[in-house]
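Here's a short tour of a protein model, written for someone who is just getting started. Have a look at the structure first, and then we'll walk through its pockets and one lysine.

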Amino acid sequence: MKQQSFAQAEFAGKKKVTRRERFLGEMEQIVPWAAPIAALKPYYFPHAGTGRGRRPIGLERMLRMYCLQQWYSLADEALEDAIYDSQALRNFVGIDLGKESVPDATTLLGFRHLLEKHDLTKTIFETVNRHLRARGLLLNKGTLTDATILAAPSSTKNKEKARDPQMHQTRKGKQWYFGMKAHIGADADSVLVHTVVGTAANVSDVTQTEHLLYGEEEIVFADAGYIGADKRQALRDKPLKWHIAMKRGKLKAMAEGPLKELTRRAERLKAQLRSRVEHPFHVMKNLFGHRKVRYKGLAKNTAQLHALFALANLVIAKKALLDHSAQGAS
(Lines give C-alpha, C1' and ligand atoms only; values in the text may rest on other atoms or scores of the structure.)
Protein backbone atom coordinates (compact mmCIF):
# COMPACT_ATOMS: atom_id res chain seq x y z
CA MET A 1 0.00 0.00 0.00
CA LYS A 2 1.31 3.45 -1.00
CA GLN A 3 2.21 5.56 2.03
CA GLN A 4 0.60 9.02 2.18
CA SER A 5 2.56 12.15 2.95
CA PHE A 6 1.49 14.30 5.92
CA ALA A 7 -0.06 16.87 3.55
CA GLN A 8 -2.06 14.18 1.74
CA ALA A 9 -3.24 12.66 5.01
CA GLU A 10 -4.35 16.06 6.31
CA PHE A 11 -6.14 16.81 3.02
CA ALA A 12 -7.91 13.44 3.03
CA GLY A 13 -9.09 13.99 6.63
CA LYS A 14 -10.88 17.27 6.08
CA LYS A 15 -14.66 17.15 5.91
CA LYS A 16 -15.73 19.83 3.43
CA VAL A 17 -15.49 18.99 -0.28
CA THR A 18 -14.83 22.15 -2.28
CA ARG A 19 -16.32 22.92 -5.69
CA ARG A 20 -12.87 22.45 -7.22
CA GLU A 21 -12.49 18.99 -5.70
CA ARG A 22 -16.00 18.02 -6.80
CA PHE A 23 -15.38 19.24 -10.35
CA LEU A 24 -12.02 17.48 -10.64
CA GLY A 25 -13.54 14.30 -9.26
CA GLU A 26 -16.25 14.41 -11.93
CA MET A 27 -13.71 15.10 -14.68
CA GLU A 28 -11.60 12.20 -13.44
CA GLN A 29 -14.56 9.94 -14.13
CA ILE A 30 -15.80 11.27 -17.47
CA VAL A 31 -12.68 12.24 -19.41
CA PRO A 32 -11.80 9.22 -21.61
CA TRP A 33 -8.11 9.41 -20.73
CA ALA A 34 -7.00 6.23 -22.51
CA ALA A 35 -8.20 7.26 -25.98
CA PRO A 36 -6.44 10.66 -26.31
CA ILE A 37 -3.30 9.28 -24.64
CA ALA A 38 -3.15 6.50 -27.23
CA ALA A 39 -3.64 9.04 -30.04
CA LEU A 40 -0.91 11.35 -28.71
CA LYS A 41 1.61 8.67 -27.76
CA PRO A 42 3.31 8.36 -31.20
CA TYR A 43 4.24 12.06 -31.03
CA TYR A 44 5.40 12.30 -27.42
CA PHE A 45 9.02 11.55 -26.62
CA PRO A 46 9.94 12.86 -23.16
CA HIS A 47 13.60 13.45 -22.50
CA ALA A 48 14.97 10.27 -20.93
CA GLY A 49 17.48 12.09 -18.75
CA THR A 50 21.08 11.25 -17.83
CA GLY A 51 20.59 10.51 -14.16
CA ARG A 52 20.62 14.20 -13.22
CA GLY A 53 17.97 16.89 -13.03
CA ARG A 54 14.27 16.30 -13.63
CA ARG A 55 12.94 12.86 -14.47
CA PRO A 56 11.02 12.37 -17.74
CA ILE A 57 7.34 13.29 -17.38
CA GLY A 58 4.67 10.85 -18.47
CA LEU A 59 2.17 11.72 -21.19
CA GLU A 60 -0.89 11.30 -18.96
CA ARG A 61 0.48 13.77 -16.42
CA MET A 62 1.19 16.33 -19.15
CA LEU A 63 -2.29 15.87 -20.59
CA ARG A 64 -3.87 16.32 -17.17
CA MET A 65 -1.91 19.52 -16.63
CA TYR A 66 -2.94 20.79 -20.06
CA CYS A 67 -6.59 20.13 -19.18
CA LEU A 68 -6.17 22.07 -15.93
CA GLN A 69 -4.89 25.03 -17.95
CA GLN A 70 -8.05 25.04 -20.08
CA TRP A 71 -10.48 24.55 -17.18
CA TYR A 72 -8.99 27.33 -15.05
CA SER A 73 -7.58 29.64 -17.77
CA LEU A 74 -4.03 29.45 -16.42
CA ALA A 75 -0.80 30.46 -18.12
CA ASP A 76 2.17 28.09 -17.87
CA GLU A 77 3.76 29.89 -14.91
CA ALA A 78 0.39 30.33 -13.19
CA LEU A 79 -0.39 26.61 -13.49
CA GLU A 80 2.98 25.68 -12.00
CA ASP A 81 2.30 27.95 -9.01
CA ALA A 82 -1.30 26.75 -8.65
CA ILE A 83 -0.22 23.10 -8.42
CA TYR A 84 2.30 23.96 -5.72
CA ASP A 85 -0.46 25.79 -3.82
CA SER A 86 -3.32 23.27 -4.22
CA GLN A 87 -3.41 19.72 -2.89
CA ALA A 88 -6.52 19.09 -5.01
CA LEU A 89 -4.62 19.93 -8.19
CA ARG A 90 -1.64 17.84 -7.11
CA ASN A 91 -3.92 14.87 -6.45
CA PHE A 92 -5.52 15.25 -9.87
CA VAL A 93 -2.14 15.39 -11.62
CA GLY A 94 -0.63 12.72 -9.37
CA ILE A 95 2.25 14.66 -7.82
CA ASP A 96 3.68 14.08 -4.36
CA LEU A 97 5.80 17.09 -3.43
CA GLY A 98 7.66 15.00 -0.92
CA LYS A 99 9.12 12.91 -3.73
CA GLU A 100 8.99 14.99 -6.93
CA SER A 101 8.75 18.51 -8.24
CA VAL A 102 6.05 20.10 -10.39
CA PRO A 103 6.80 20.26 -14.15
CA ASP A 104 8.03 23.78 -14.86
CA ALA A 105 6.61 26.38 -17.25
CA THR A 106 9.18 25.52 -19.95
CA THR A 107 8.03 21.90 -19.98
CA LEU A 108 4.40 22.98 -20.25
CA LEU A 109 5.27 25.33 -23.10
CA GLY A 110 7.05 22.53 -24.93
CA PHE A 111 4.02 20.26 -24.62
CA ARG A 112 1.70 22.94 -25.99
CA HIS A 113 4.04 23.51 -28.93
CA LEU A 114 3.99 19.77 -29.61
CA LEU A 115 0.19 19.76 -29.70
CA GLU A 116 0.16 22.75 -32.04
CA LYS A 117 2.83 21.41 -34.37
CA HIS A 118 1.00 18.15 -35.07
CA ASP A 119 -2.56 19.52 -34.84
CA LEU A 120 -3.13 17.25 -31.85
CA THR A 121 -5.76 19.38 -30.11
CA LYS A 122 -8.02 18.60 -33.06
CA THR A 123 -7.16 14.94 -32.54
CA ILE A 124 -8.21 15.28 -28.88
CA PHE A 125 -11.45 16.99 -29.98
CA GLU A 126 -12.24 14.18 -32.45
CA THR A 127 -11.33 11.50 -29.90
CA VAL A 128 -13.68 12.97 -27.30
CA ASN A 129 -16.48 13.24 -29.87
CA ARG A 130 -16.04 9.59 -30.89
CA HIS A 131 -16.39 8.71 -27.21
CA LEU A 132 -19.61 10.76 -26.97
CA ARG A 133 -20.96 9.36 -30.23
CA ALA A 134 -20.34 5.79 -29.07
CA ARG A 135 -22.57 6.52 -26.06
CA GLY A 136 -25.36 7.85 -28.24
CA LEU A 137 -24.93 11.47 -27.12
CA LEU A 138 -23.84 12.99 -30.45
CA LEU A 139 -26.52 12.26 -33.05
CA ASN A 140 -25.70 14.72 -35.87
CA LYS A 141 -29.24 14.73 -37.28
CA GLY A 142 -29.43 18.52 -37.05
CA THR A 143 -26.89 21.34 -36.68
CA LEU A 144 -26.97 24.66 -34.84
CA THR A 145 -24.45 27.20 -36.18
CA ASP A 146 -23.14 30.30 -34.47
CA ALA A 147 -20.00 32.35 -33.86
CA THR A 148 -18.58 34.43 -31.04
CA ILE A 149 -15.91 37.13 -30.96
CA LEU A 150 -12.79 36.66 -28.84
CA ALA A 151 -10.93 39.88 -28.18
CA ALA A 152 -7.21 40.24 -28.88
CA PRO A 153 -4.84 42.94 -27.56
CA SER A 154 -5.26 46.04 -29.73
CA SER A 155 -2.30 47.85 -28.21
CA THR A 156 0.87 48.45 -30.25
CA LYS A 157 3.01 48.75 -27.12
CA ASN A 158 4.93 45.56 -27.78
CA LYS A 159 8.22 44.41 -29.29
CA GLU A 160 6.94 44.58 -32.88
CA LYS A 161 5.15 47.93 -32.32
CA ALA A 162 2.14 46.43 -34.12
CA ARG A 163 -1.10 44.55 -33.54
CA ASP A 164 -1.39 40.89 -34.45
CA PRO A 165 -1.70 40.96 -38.29
CA GLN A 166 -3.96 37.87 -38.30
CA MET A 167 -6.52 39.54 -36.05
CA HIS A 168 -8.94 42.14 -37.40
CA GLN A 169 -11.62 44.51 -36.18
CA THR A 170 -15.32 44.18 -36.77
CA ARG A 171 -18.42 46.04 -35.81
CA LYS A 172 -21.26 44.44 -33.86
CA GLY A 173 -24.17 46.76 -33.30
CA LYS A 174 -22.61 50.11 -32.47
CA GLN A 175 -19.45 48.70 -30.92
CA TRP A 176 -16.12 47.80 -32.54
CA TYR A 177 -14.13 44.69 -31.58
CA PHE A 178 -10.60 43.57 -32.45
CA GLY A 179 -9.72 39.90 -32.44
CA MET A 180 -10.93 36.62 -33.90
CA LYS A 181 -14.12 34.59 -34.24
CA ALA A 182 -14.82 31.09 -33.02
CA HIS A 183 -17.36 29.48 -35.37
CA ILE A 184 -19.06 26.27 -34.25
CA GLY A 185 -21.46 23.68 -35.54
CA ALA A 186 -23.33 21.95 -32.69
CA ASP A 187 -25.63 18.96 -32.53
CA ALA A 188 -29.24 20.19 -32.49
CA ASP A 189 -30.31 17.57 -29.93
CA SER A 190 -27.46 17.52 -27.41
CA VAL A 191 -25.81 20.92 -28.17
CA LEU A 192 -22.45 19.13 -28.28
CA VAL A 193 -20.00 20.85 -30.64
CA HIS A 194 -18.99 18.73 -33.64
CA THR A 195 -17.09 21.32 -35.69
CA VAL A 196 -14.83 24.27 -34.80
CA VAL A 197 -13.41 26.91 -37.16
CA GLY A 198 -11.28 29.93 -36.20
CA THR A 199 -11.13 33.07 -38.36
CA ALA A 200 -10.34 36.75 -38.05
CA ALA A 201 -13.17 38.77 -36.50
CA ASN A 202 -14.07 40.49 -39.77
CA VAL A 203 -14.95 37.24 -41.57
CA SER A 204 -18.68 37.00 -42.28
CA ASP A 205 -20.52 34.18 -40.47
CA VAL A 206 -22.33 33.02 -43.61
CA THR A 207 -19.06 32.33 -45.46
CA GLN A 208 -18.18 29.61 -42.93
CA THR A 209 -21.50 27.74 -43.03
CA GLU A 210 -20.31 24.96 -45.32
CA HIS A 211 -17.34 24.31 -42.99
CA LEU A 212 -19.60 23.95 -39.93
CA LEU A 213 -21.83 21.17 -41.22
CA TYR A 214 -21.08 17.60 -40.30
CA GLY A 215 -22.41 16.18 -43.56
CA GLU A 216 -25.11 13.88 -42.21
CA GLU A 217 -27.51 16.45 -40.76
CA GLU A 218 -30.96 16.94 -42.21
CA ILE A 219 -31.80 20.33 -40.70
CA VAL A 220 -29.86 23.52 -39.91
CA PHE A 221 -30.74 26.31 -37.45
CA ALA A 222 -28.96 29.67 -37.68
CA ASP A 223 -29.39 33.35 -36.86
CA ALA A 224 -29.83 36.19 -39.35
CA GLY A 225 -26.08 36.36 -39.96
CA TYR A 226 -26.44 33.19 -42.07
CA ILE A 227 -29.13 34.52 -44.44
CA GLY A 228 -28.30 33.29 -47.94
CA ALA A 229 -26.35 30.24 -46.75
CA ASP A 230 -28.74 27.89 -48.57
CA LYS A 231 -27.98 29.68 -51.86
CA ARG A 232 -24.20 29.43 -51.64
CA GLN A 233 -22.60 27.27 -54.31
CA ALA A 234 -21.33 24.60 -51.92
CA LEU A 235 -24.74 24.23 -50.23
CA ARG A 236 -27.44 24.97 -52.79
CA ASP A 237 -27.79 21.31 -53.85
CA LYS A 238 -27.75 19.89 -50.32
CA PRO A 239 -31.07 18.29 -49.24
CA LEU A 240 -31.25 20.34 -46.05
CA LYS A 241 -34.11 22.03 -44.23
CA TRP A 242 -32.98 25.55 -43.37
CA HIS A 243 -34.36 27.51 -40.43
CA ILE A 244 -32.60 30.88 -40.57
CA ALA A 245 -33.84 33.82 -38.55
CA MET A 246 -35.41 36.77 -40.32
CA LYS A 247 -33.75 40.17 -39.91
CA ARG A 248 -35.47 42.21 -37.21
CA GLY A 249 -35.92 45.18 -39.51
CA LYS A 250 -37.81 43.07 -42.05
CA LEU A 251 -40.18 41.72 -39.39
CA LYS A 252 -40.68 45.19 -37.93
CA ALA A 253 -41.54 46.59 -41.37
CA MET A 254 -44.38 44.10 -41.91
CA ALA A 255 -47.91 45.44 -41.71
CA GLU A 256 -49.72 44.65 -38.48
CA GLY A 257 -52.11 41.75 -38.80
CA PRO A 258 -52.46 37.97 -38.61
CA LEU A 259 -49.52 37.32 -40.98
CA LYS A 260 -47.12 39.41 -38.89
CA GLU A 261 -48.29 37.74 -35.67
CA LEU A 262 -47.85 34.28 -37.22
CA THR A 263 -44.39 35.25 -38.47
CA ARG A 264 -43.47 36.62 -35.05
CA ARG A 265 -44.48 33.33 -33.40
CA ALA A 266 -42.47 31.33 -35.95
CA GLU A 267 -39.41 33.51 -35.35
CA ARG A 268 -39.80 33.16 -31.59
CA LEU A 269 -39.88 29.37 -31.94
CA LYS A 270 -36.78 29.39 -34.15
CA ALA A 271 -35.01 31.62 -31.66
CA GLN A 272 -35.83 29.27 -28.77
CA LEU A 273 -34.34 26.31 -30.65
CA ARG A 274 -31.35 28.23 -31.96
CA SER A 275 -30.46 29.90 -28.66
CA ARG A 276 -29.32 26.57 -27.22
CA VAL A 277 -26.11 26.92 -29.26
CA GLU A 278 -25.06 29.60 -26.77
CA HIS A 279 -24.45 26.93 -24.12
CA PRO A 280 -21.02 25.80 -25.42
CA PHE A 281 -19.94 29.47 -25.56
CA HIS A 282 -21.17 29.93 -21.99
CA VAL A 283 -19.04 26.99 -20.83
CA MET A 284 -15.96 28.29 -22.67
CA LYS A 285 -16.28 31.94 -21.65
CA ASN A 286 -17.90 31.85 -18.22
CA LEU A 287 -16.98 28.48 -16.71
CA PHE A 288 -13.51 28.17 -18.26
CA GLY A 289 -12.90 31.94 -18.33
CA HIS A 290 -11.70 32.03 -21.94
CA ARG A 291 -12.99 35.40 -23.17
CA LYS A 292 -9.82 36.67 -24.85
CA VAL A 293 -7.23 35.08 -27.11
CA ARG A 294 -4.11 33.97 -25.27
CA TYR A 295 -1.63 33.57 -28.11
CA LYS A 296 -0.53 35.36 -31.26
CA GLY A 297 -1.87 34.14 -34.60
CA LEU A 298 -4.97 32.22 -35.64
CA ALA A 299 -3.35 28.77 -35.73
CA LYS A 300 -2.32 28.73 -32.05
CA ASN A 301 -5.65 30.13 -30.87
CA THR A 302 -7.71 27.80 -33.07
CA ALA A 303 -5.71 24.88 -31.69
CA GLN A 304 -6.71 25.95 -28.19
CA LEU A 305 -10.35 26.28 -29.27
CA HIS A 306 -10.41 22.60 -30.25
CA ALA A 307 -9.17 21.66 -26.78
CA LEU A 308 -11.63 24.01 -25.06
CA PHE A 309 -14.66 22.71 -26.95
CA ALA A 310 -13.60 19.09 -26.43
CA LEU A 311 -13.61 19.73 -22.69
CA ALA A 312 -16.79 21.84 -22.93
CA ASN A 313 -18.54 18.89 -24.60
CA LEU A 314 -17.64 16.70 -21.64
CA VAL A 315 -19.02 19.30 -19.21
CA ILE A 316 -22.26 19.59 -21.22
CA ALA A 317 -22.64 15.80 -21.30
CA LYS A 318 -21.46 15.38 -17.69
CA LYS A 319 -24.73 14.13 -16.19
CA ALA A 320 -25.27 11.51 -18.91
CA LEU A 321 -21.64 10.36 -18.70
CA LEU A 322 -21.72 10.09 -14.91
CA ASP A 323 -24.97 8.11 -15.10
CA HIS A 324 -23.37 5.81 -17.68
CA SER A 325 -20.31 5.42 -15.46
CA ALA A 326 -22.49 4.59 -12.44
CA GLN A 327 -24.44 1.98 -14.41
CA GLY A 328 -21.19 0.43 -15.58
CA ALA A 329 -19.90 0.27 -12.01
CA SER A 330 -23.07 -1.46 -10.84
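Let's begin with the second largest pocket: its lining is made up of D223, A224, A245, M246, K247, R248, L251, E267, A271 and R274. Two elements, α10 (248-253) and α11, each give two or more residues to that lining. Of the contributors, α11 gives the most, with three residues. Keep in mind that this is a predicted model.

Now for the largest pocket. Its lining counts 20 residues, and D146, A147, K172, D205 and D223 are the ones nearest its centre. The elements that supply two or more residues here are β1 (142-151), β2 (168-172), α11 and α12 (278-287).

Here are the two pockets next to each other:

| Pocket | Volume | Nonpolar lining residues | Polar lining residues | Charged lining residues |
|---|---|---|---|---|
| Largest | about 460 Å³ | five residues | six residues | nine residues |
| Second largest | about 280 Å³ | five residues | no residues | five residues |

So much for pockets; what about that lysine? K260 sits in helix α11, which covers residues 258-274. Is K260 buried or exposed? K260 counts as buried because its relative accessible area is 6%, and the cut-off for buried is under 20%.

Who are its neighbours? Leaving out residues up to four places away in sequence, K260 touches L251, K252, M254 and A255. There's also a polar contact of 2.8 Å between the side chains of K260 and E256. L68, on the other hand, is 192 residues from K260 in sequence and 50 Å from K260 in space, C-alpha to C-alpha.

Terms used
Residues are numbered from 1 along each chain as its sequence is written. This is a predicted model: local features need pLDDT of at least 70, side-chain atom pairs count only at pLDDT 80 or more; totals for chains, interfaces and linings use all residues. Side-chain values use heavy atoms; hydrogens and water are left out. Helices (H or I, at least four residues) and strands (E, at least two) are DSSP runs, numbered from the N terminus. Buried means under 20% relative accessible area, exposed over 50%, partly exposed in between (1.4 Å probe, protein chains only). Contact means heavy atoms within 4.5 Å. A polar contact is a pair of N or O atoms within 3.5 Å; within protein, one must be able to donate a hydrogen and the other to accept it, and residues adjacent in sequence count only if both atoms are side-chain atoms. On a 1 Å grid over the protein atoms alone, a cavity is a set of points where a 1.4 Å probe fits but cannot get out, and a pocket is an open set with protein on both sides within 12 Å along at least five of seven lines; lining residues have an atom within 4 Å of a point. Grid points are joined across faces, edges and corners, and a volume is the space filled by probe spheres set on the points. Ala, Val, Leu, Ile, Met, Phe, Trp, Tyr, Cys and Pro count as nonpolar, Asp, Glu, Lys and Arg as charged, and the others, Gly among them, as polar.
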